[in-house]
Amino acid sequence: MKRVVFAAVLALSLAMFAWTLRRFGRLVMGGRPAHLPIDPGERIASILTYFFGQKKVVEEASIPSARAARLVHAIGSKYHVLIFWGFIIITLGTGETLVQGLLPSFSLAVLLGDTAARVLWATMDVANVLVLATIAFAVFRRVVLKPRLIPMSRDAAAILGAIALLMLTHLGVHAFRAIAAGETDGEPGFPVSGAIAAFFGGVPPESARLLSEVSWWAHVTLVLAFLNYLLYSKHSHIIAALPNIYFRNLGQRGVLPKLNMEADDMAATGVVSEVKDFTWKSLLDSFACTECARCTNSCPAYNTGKPLSPMQVVHDLRDDMKTRLHRGPLDRILETFQHGREVARAAEEVIPLIGGRTTEDVLWSCTTCGACQQVCPVFIDQPEKILQMRQNLVLVQEKVPPDLARTFTNLERNGNPWGIAADKRMDWAEGHDVPTLDDRPDAEYLLWVGCAGAYDDRVKKQTVALVEILKEAGVDFAVLGLEEGCSGDPARRSGNEMLYQMQAQQNVETMNARKVKKVVTACPHCLHTIKNEYPQLGGDFEVRHHTQLLRELMAAGKLQIDPDKSQGQSVALHDPCYLGRWNGEYDAPRKLLDRVPTEAGRVELPRNRENGFCCGAGGGRMWMEEKIGSRVNHNRVDEVLASGVDTVATACPFCTIMLTDGVNDRNAADKVQVLNVSELVARSMKRKREIEAASPGAPSTSV
């Protein structure tokens, strides 16, 4: 009779799970196609490394808060691995328990042999205790330590409680089964259950048999209920994380899909207006979210009082999807249990996603630094979703902040965000003998100056310094001169895809007509756009950041540093987001700075490399006033000042501007100077005349 009842319960549970899986699967697959490269080998390796290996879970994330809070997050990432692997191991035991409900004589020893089965049983038995211990810490962490953005919600309590009961009932099954069988030392291969059996050894066999049966039914009922609850809970990631990691972006990060701006109507352009306009991979992202809050804790906007929480943006998408379901009594019961009656009622309201559920202030707060995507353990692409929703605000709803509207006008009329006349683009080069492609049509490198390098008075000095270095090193280069236009980065990252494509297409046509092959630029934003996004428009160029080229020149001996030309006490590098996180270059600027002579050498800021902190300029924020919270650049400058260095080096013109403004706002210009790597190299390099003068037999240059 037991087998019949269990078979019916199992069949019903699996049928309900299949129905739920199909229900949510149709939601996800209702999105647009996602054009993902097929590479099974690398994708399987991703599963082994990031799902089973939990590599990103154990990575140290940069939590810009008190040391104790960072420690809480660090411990949290470690104990999650114990829960994960304990759960995986126990699942093997649960599988055995479920099969025994249909075939009582079944045992893992039948499949693995007695010795291997005993080792596995012992591992599972010990794992029960380890998972219980980590569950207890998880409750303590949420209730007492209270890490930022990780509360003890009803949903979390239900999940943690269910996992704990699964462990206890699994122990109970084997402990009381042993007592009922007269095995006071426990079943062979179950040391922990054996210890429990010894403790409860006085329980009569019939009572023990009953307790074992109650534990068994409680265990299998919890397993089947837990399985059907998953997709309705925060633990949907248990099901969605593996496929999300498998289908992760294997290509270049931070490349936006190209919209079809020649379409007859806006709907056909590919602009996102509602859930179904996202790709199915973006929709899968929302169910894969582990709610670890790493993305939000690492977000510079959130950490300076802005309303943006990348985690919440992903949840907004998931919640919006759920409103598209045919909502039955089960949905209402679960939502009431998880969030309360009022929230459950609100969940039924159809609220516009863009500008409604996810507000305009949230979307405009993003600096597109990529910190959220960098720390996500399941490879969710938060920036792409934010930028796609910005495109809707700009192109469909025509809701553009006034500051940004002026920037768009400047770009349209003058080809640069500053609005300075286009015919002044080469004014920076006066008196510096800078060759153009008219002078050197076959130059090896096109030096892409960029708008900041051509128009901003502070950044012009960096451009001149780079030109001096290239000349001293004998690099064959030229500039486009007045033919150069804005790369389009400010427009695209601000949601104005139409303006971006107009600017980028003009540049591509010019560069192709000039037969440009290699490009070097000091601007990481131009680097990212020209290298990774111009191919969408027919522009395929070999693009390098200036620090990469200078490093090669130094390694080849074409660029030499004078150790006697000290550049101050100490120097720290501020990592540009578009050079580091988006394009993976952290070492080139450091290698150069290691050669620049200073008294105390190079110092690392606390938040560096992958965990560096944004200057606040990306995503069009350079031209938008910060009216909410504190300024992002102030946060970063405060860290620089606290480090005690007298020079902070940048490798991006936007970073130079933002950090210089921050230093001036803090009245600290006499304490720390902001210099580009190229300026430090130019100041400390040996000039040709110096090298010639130092060579034996060199003619005297004295007058």
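**Strand pairing and cores in a predicted model**

Trainee: In strand 7, which residue is the bridge partner of Ala 572?

Mentor: This is a predicted model. Strand 5 (residues 570-573), which holds Ala 572, runs parallel to strand 7, and 3 bridges join them. The partner of Ala 572 in strand 7 is Val 648.

Trainee: Are the residues on the two faces of strand 7 buried or exposed?

Mentor: On one side of strand 7 (residues 647-650) stand Thr 647 and Ala 649, and on the other Val 648 and Thr 650. Buried here means under 20% relative accessible area. By that cut-off, these four residues are all buried.

Trainee: What is the bridge partner of Thr 650 in strand 8?

Mentor: Strand 7 pairs with strand 8 (residues 673-676) in the parallel sense, over 4 bridges. Within that pairing, Thr 650 has as its partner Asn 676. Between the two strands the chain passes through helix 28 (residues 653-665) in a right-handed β-α-β crossover. The residue asked for is Asn 676.

Trainee: Why is one side of strand 2 and of strand 4 left without a neighbour in the sheet?

Mentor: The sheet is open, with 4 strands in the order 2-1-3-4 and parallel pairing. Strand 2 (477-478) and strand 4 (542-545) stand at its edges, so each has a single partner strand.

Trainee: Which helix gives the most residues to the largest nonpolar core?

Mentor: That core has 121 residues, and Trp 428, Leu 447 and Met 511 touch the most other members. With 6 residues, the helix that gives the most to this core is helix 21 (residues 457-472).

Conventions
Residues numbered from 1 in each chain as written. Predicted model: local features only at pLDDT ≥ 70, side-chain atom pairs only at ≥ 80, totals over all residues. Heavy atoms only, no water. Core = buried A, V, L, I, M, F, W, Y, C linked by side-chain atoms within 4.5 Å. Buried < 20%, exposed > 50% of the residue type's maximum accessible area, 1.4 Å probe, protein only. Pairing = 2+ DSSP bridges. Right-handed = clockwise from strand over helix to strand, strands pointing away.
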